[in-house]
Amino acid sequence: MTGVLRLACIDSQAPPLFNLSEDGVSRTGYEPDVAALVAHELGLTLQWVFTPWDNMIPAVQSGAADAVWCGQGMTEERMSQVDFTQPYAVFNETVLVRAGDPARAPEDMAGYRVGAIANSTNMALAMTIPGIIPVEFGASDDVFGDMIEALRSGEVDAFIDDDVVTIALGAEPDFDVAFTAMTGNRWGVGLSKANSSLRNDIDSALDTLIADGRLRAVWQKWMPDLTFPLESRAND
């Protein structure tokens, strides 16, 4: 480990989580702000490693990045490949449809082509909806943008992503929110299983940011309509 913290993520427009980088180096949004605070706590310089979604965990496993910090719900499959820190966010999942679509519950969606990122918590939720046709998305620099355009064009009838990014889209004229599933998915930073030292350091930094209120402040800056879900582990 050098004086640089290299974090893998896609370069995509998914506010308020993150926005497209204007210069290919710096980023804005909830995740970049929290990552910057953690890097500062650790005395490290933050560097983003932009890569397609499907390559983020392999980048950590190969040593091309130190960690994945990019919308990673703590699924069993991912936990078999990397170790996670404590959560820096907890989100539910929302189903988005085109404007005017009457679907408002899972039972309304039989026969729908439903998109989600391959091997994600969102796809796991899609597979619980009776009678849908799952459509996997992945291997793209901008998979979230791909799903938005697929829904807009009619390639899919709905897609599922986390409430933090989909609910805002439901206010746009092209889309409606069908429903939100209260899944409470925990998001963490994924690191190589051989890098427990850095995982412990990031956990310690997150403990500090939660305890002194700075993580809550960043959450409220970017997501004022969502309740801050985290408590210090000292209160567990």
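**Exercise 1. Describe the largest pocket: its volume, its lining and the chemical classes in that lining.**

Step 1, volume. The largest pocket holds about 210 Å³ of space. A pocket is an open set of points on a 1 Å grid over the protein atoms alone, where a 1.4 Å probe fits, with protein on both sides within 12 Å along at least five of seven lines. The volume is the space filled by probe spheres set on the points. The model is predicted: local features need pLDDT of at least 70, side-chain atom pairs pLDDT 80 or more, while totals for chains, interfaces and linings use all residues. Numbering starts from 1 along each chain, and side-chain values use heavy atoms, without hydrogens and water.

Step 2, lining. Lining residues have an atom within 4 Å of a point. Among them are Trp53, Asp54, Gln72, Arg78 and Asn119.

Step 3, elements. Both α2 (56-62) and α3 (76-79) supply at least two lining residues. The largest share, three residues, is from α2. Helices are DSSP runs (H or I, at least four residues), strands likewise (E, at least two).

Step 4, classes. Five lining residues are nonpolar, three polar and three charged.

**Exercise 2. Locate the disulfide and give its geometry.**

Step 1, partners. The structure has one disulfide, a pair of cysteine sulfur atoms within 2.5 Å. Cys9 is joined to Cys70, S to S 2.2 Å.

Step 2, span. Cys9 sits in strand β1 (residues 4-9) and Cys70 in the loop between β3 (67-68) and α3, so the link ties parts 61 residues apart in sequence.

Step 3, handedness. The angle about the S-S bond is 55°, and the link is right-handed.

Step 4, burial. Buried means under 20% relative accessible area (1.4 Å probe, protein chains only). Cys9 is buried at 0%. Cys70 is buried at 1%.

Definitions and conventions: Ala, Val, Leu, Ile, Met, Phe, Trp, Tyr, Cys and Pro count as nonpolar, Asp, Glu, Lys and Arg as charged, and the others, Gly among them, as polar. Buried means under 20% relative accessible area, exposed over 50%, partly exposed in between (1.4 Å probe, protein chains only).
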